[in-house]
Amino acid sequence: MFISRELRKKNIAEYLLYMWQIEDTIRAYDCNLTRIRKEYVGKFDYDDEQKEEVVDWFGNLVSMMNREGCREHGHLQINNIILQDLGELHVKLQQSAKFPFYNTAYYKVLPFIVELRQKGNRNEGEIETCMNALYGVMMLRLQQKDISPDTLHAIQEISTLIGMLSDYYLKDKTEGLDFDND
C-alpha cells in the first residue's frame with residue numbers, strides 16, 4: 001500500500017505492474033484476508049498501526065476482487081481504467097506531430113507488439129500487450145528463470161516506450177499536454 005501510493009505519484013506503469021502483482025498475491029492467498037494478514041503482512045516490519053492500515057487496504061482489494069469477479073484471473077476495474085487511460089494517451093501521442101521521439105520509440109516496438117499478439121491475445125490493445133510482456137518478464141525474473149537475449153532486447157525497447165508513456169501521463173495529469181498540430 002505504501003509502495004503503491006508512491007508509485008502512483010511517480011510512475012503509473014510501475015504502479016500498474018505493482019497492482020497486478022498485488023492481485024496475484026491476493027489470489028495466492030485464496031482471497032483470504034486472515035491468511036494475508038498472518039502469512040503476508042505479518043512478514044513486514046510495520047508497527048501495529050501500519051499493519052492495520054495495510055490489512056484494511058488488502059481487505060478493500062479482496063472485496064473489490066470478489067465483487068468484480070476477478071478472484072481467479074483478470075484485473076480490478078480501477079486498474080483496467082488506468083490501462084485504458086494509458087491506451088488513449090498512446091493514441092493521442094501517436095496522432096500528434098508534437099511527439100516525434102515517442103513515435104520513434106513506438107515504431108521500434110511495433111514489430112514486438114505484432115509478434116506478441118500473434119502468440120497471445122490478438123484483441124488486446126497495444127499498451128496492454130506491452131504491459132503484459134513487462135509483467136511476464138517481471139514474473140520470470142522473480143522465479144529466477146532464464147530469459148532469452150531476444151526477449152530481453154524486446155523488453156528493453158518496450159520499457160523505453162512505456163517509460164515515455166508514463167512520463168507523458170504524469171505530465172498530462174499535472175500540467176496538461178498540448179496535442180494540437182498547429
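Hi everyone. Let's start with F44: with a relative accessibility of 33%, F44 counts as partly exposed, because the partly exposed class runs between 20% and 50%. Before I go on, please keep in mind that this is a predicted model.

So who does F44 pair with? One partner is Y46: the ring centres of F44 and Y46 are 5.5 Å apart and the planes meet at 20°, so this pair is stacked. Y46 itself has 24% relative accessibility, so Y46 is partly exposed too.

Now for the wider picture of the rings. How many aromatic pairs does the structure hold? There are 11 of them. Take Y40 and F44 as another example: here the centres lie 5.2 Å apart and the planes stand at 80°, which means the pair is edge-to-face. Y40, F44 and Y46 also belong to one aromatic cluster, together with F2, Y29, W57 and F58.

Let's move to the nonpolar core. The largest one has 57 residues. Which residues have the most contacts inside this core? They are I26, F58, M131, I158 and I162. You have already met F58, as a member of the aromatic cluster.

Several helices give two or more residues to the core: α2 (12–28), α3 (33–40), α4 (48–68), α5 (77–95), α6 (100–119), α7 (126–142) and α8 (149–174). The largest share is from α2, with 10 residues.

Finally, have a look at M131. Leaving aside residues up to four places away in sequence, M131 touches A13, L16, L17, W20, L83 and I162. In soluble globular proteins, nonpolar side chains tend to be buried together.

Thanks for listening!

Note on methods
Residues are numbered from 1 along each chain as its sequence is written. This is a predicted model: local features need pLDDT of at least 70, side-chain atom pairs count only at pLDDT 80 or more; totals for chains, interfaces and linings use all residues. Side-chain values use heavy atoms; hydrogens and water are left out. A nonpolar core is a set of buried Ala, Val, Leu, Ile, Met, Phe, Trp, Tyr and Cys residues joined through side-chain atoms within 4.5 Å. Buried means under 20% relative accessible area, exposed over 50%, partly exposed in between (1.4 Å probe, protein chains only). Helices (H or I, at least four residues) and strands (E, at least two) are DSSP runs, numbered from the N terminus. Contact means heavy atoms within 4.5 Å. Rings of Phe, Tyr and Trp (its six-membered ring) pair if their centres lie within 6.5 Å; planes under 30 degrees apart count as stacked, over 60 as edge-to-face and the rest as tilted.
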